[in-house]
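The exercises below are to be worked through with the sequence and the 3D view at hand. Each task is followed by a solution in steps.

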Amino acid sequence: QVQLVESGGGLVQAGGSLRLSCVDSGRTFSIQTMGWFRQAPGKEREFVAAISWSGGSTNYADSVKGRFTISRDNAKNTVYLQMNSLKPEDTAVYHCAADFAPFGVVRGERVDLYDYWGQGTQVTVSS
């Protein structure tokens, strides 16, 4: 069974960096499409980044392209989100998501395609 646990959030000044991690303690990592999403207060959950099971394909929201990098280490059952040049508008709860279906990183923008979600980690960027 998939069990996702995020970590690495915190408070950072604008322009700073954070690295989020998401561990799949269920050890089913190697066959999943993985994604990162975020949800700010009063807003819907939105796509941030997705990565294929091999790590060879990635996709990013336009708002984070060039600043964020998604990666994965299947040996450690972990997916990462390196966030650089953070802005106040990046403030949100960040969730990782997983699914067994190989729907690809483009379709991976869709919230409704993922069956498994972590509880989230708070990222706050001060101006």
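**Exercise 1.** In this predicted model, decide whether Phe37 is buried or exposed, and do likewise for Phe47 and Tyr114.

*Solution.* Begin with Phe37, whose relative accessibility is 0%, and recall that a residue counts as buried under 20%, so Phe37 is buried. Phe47 belongs to the buried class as well. For Tyr114 the relative accessible area comes to 4%, and this residue is therefore also buried.

**Exercise 2.** Classify the geometry of the ring pair formed by Phe37 and Phe47, and work out which parts of the chain the pair ties together.

*Solution.* The structure holds six aromatic pairs, and the one between Phe37 and Phe47 has a centre-to-centre distance of 5.7 Å with 70 degrees between the planes. Since planes over 60 degrees apart count as edge-to-face, that is the class of this pair. Next, place the two residues: Phe37 is part of strand β4 (residues 33-39), while Phe47 is part of strand β5 (residues 46-51), so the pair ties together parts that lie 10 residues apart in sequence.

**Exercise 3.** Repeat the analysis for Phe37 and Tyr114, then state which residues the ring pairs link into a cluster.

*Solution.* The ring centres of Phe37 and Tyr114 are 5.3 Å apart and their planes stand at 75 degrees, which means that this pair, too, is edge-to-face. Phe37 lies in strand β4, whereas Tyr114 lies in the loop between α1 (104-107) and β10 (116-117), so the pair ties together parts 77 residues apart in sequence. Taken as a cluster, the residues linked by ring pairs are Phe37, Phe47, Phe103, Tyr114 and Trp117.

**Exercise 4.** Which rings have Arg19 and Arg45 over them?

*Solution.* The charged end of Arg19 sits over the ring of Tyr80, at 4.0 Å from the ring centre. Arg45, for its part, lies over the face of Trp117, where the distance to the ring centre is 4.8 Å.

**Exercise 5.** Describe the secondary structure of the protein chain, and explain why the chain is judged as compact as a globular protein of its length.

*Solution.* The chain has one helix and 11 strands, and from the N terminus their order is β-β-β-β-β-β-β-β-β-α-β-β. Its radius of gyration is 13 Å, close to the 14 Å that the globule rule gives for 127 residues, and the chain is therefore as compact as a globular protein of that length. As further description, 46% of the 127 residues count as buried, and among contacts with a separation of 6 or more, 59% join residues 24 or more positions apart.

Key
Residues are numbered from 1 along each chain as its sequence is written. This is a predicted model: local features need pLDDT of at least 70, side-chain atom pairs count only at pLDDT 80 or more; totals for chains, interfaces and linings use all residues. Side-chain values use heavy atoms; hydrogens and water are left out. Rings of Phe, Tyr and Trp (its six-membered ring) pair if their centres lie within 6.5 Å; planes under 30 degrees apart count as stacked, over 60 as edge-to-face and the rest as tilted. Helices (H or I, at least four residues) and strands (E, at least two) are DSSP runs, numbered from the N terminus. Buried means under 20% relative accessible area, exposed over 50%, partly exposed in between (1.4 Å probe, protein chains only). A charge sits over a ring if NZ of Lys or CZ of Arg is within 6 Å of the ring centre and within 35 degrees of the ring normal. The radius of gyration is taken over C-alpha atoms; the globule rule is 2.2 Å times the number of residues to the power 0.38. Contact means heavy atoms within 4.5 Å.
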